[in-house]
Amino acid sequence: MKTIKVCFLLFVLVAITGCEQTVSRNFGGSITITLKPGEKLIEATWKDDDIWYLTEPMDSDYIPKTKVFKESSVWGVLNGTVTFIESK
């Protein structure tokens, strides 16, 4: 019985921490996505528990930015954020 409890606790721990996107999407929280150097963020959206984001190459005079994609829920509870970091 003790083995079953330990296995169950390990399963729950992996399920909660194993997929940062799912946790942020369903339970609030935040994740950071660092884009490849030379890419800038155009748009981001969720499809189920997956985040999709559109990037394009930076122009030579473009200044990299940090962009935050925020959720605004009806009750203001469990709001998640995704931070995108651009770099040259």
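**Close-up views of a predicted model**

Phe69 stands opposite Val82 in strand S5, a good place to start our tour of this predicted model. Residues are numbered from 1 along each chain as its sequence is written, local features need pLDDT of at least 70, side-chain atom pairs count only at pLDDT 80 or more, and totals for chains, interfaces and linings use all residues. Side-chain values use heavy atoms, with hydrogens and water left out.

**View 1. Strands S1, S5 and S4 form an open sheet of three strands, in the order S1-S5-S4.** Strands here are DSSP runs (E, at least two residues), and helices are DSSP runs too (H or I, at least four residues), numbered from the N terminus. Two strands count as paired if DSSP finds at least two bridges between them. S4 (residues 66–70) is joined to S5 by five bridges and the two run antiparallel, while S1 (residues 29–34) and S5 (residues 80–85) run parallel with six bridges. The pairing in this sheet is therefore described as mixed. S1 and S4 are the edge strands, each pairing on one side only. On average, neighbouring strands of the sheet are turned by 20° against each other, direction ignored; the axes are lines fitted to C-alpha atoms, for helices over the stretch in contact, and angles run from 0 to 180 degrees between N-to-C directions. Follow S1 along S5 and you will find Gly29 opposite Gly80, and Thr34 with Ile85 as its bridge partner.

**View 2. S2 and S3 make a hairpin with two residues between the strands.** S2 (residues 39–47) and S3 (residues 50–57) pair in the antiparallel sense over eight bridges. Look for Asp48, which takes a positive phi near 60°. Leu41 has Thr55 in S3 as its bridge partner.

**View 3. Nine residues make up the largest nonpolar core.** Such a core is a set of buried Ala, Val, Leu, Ile, Met, Phe, Trp, Tyr and Cys residues joined through side-chain atoms within 4.5 Å. Buried means under 20% relative accessible area, exposed over 50%, and partly exposed in between (1.4 Å probe, protein chains only). Its members are Ile31, Ile33, Leu35, Leu41, Ala44, Trp46, Ile51, Val82 and Phe84. S1, S2 and S5 each supply at least two of these residues, and S2 gives the largest share, three residues. Leaving aside neighbours within four places in sequence, Leu41 is in contact (heavy atoms within 4.5 Å) with Leu35, Tyr53, Leu54, Thr55, Lys67, Phe84 and Glu86.

**View 4. Lys40 and Ile85 differ in exposure class.** Lys40, in strand S2, is buried, with a relative accessible area of 14%. Beyond four places in sequence, the contacts of Lys40 include Leu54, Glu56, Tyr62 and Glu86. Ile85, in strand S5, counts as partly exposed at 31% relative accessibility. Ile85 and Leu35 are 50 residues apart in sequence, yet 6.0 Å apart in space, C-alpha to C-alpha. Among the other residues that Ile85 touches are Thr32, Lys65 and Thr66.

**View 5. Confidence varies along the protein, with S3 having the highest mean pLDDT among its elements (92) and helix H2 (residues 20–27) the lowest (48).** pLDDT is the predictor's confidence in each residue, from 0 to 100. Its average for the protein is 76, and 61% of the residues score at least 70. Over residues 10–18 the pLDDT is below 50, and this stretch has two contacts beyond near neighbours in sequence. Residues 23–27 also stay under 50, and there the model has 14 contacts beyond four places in sequence.
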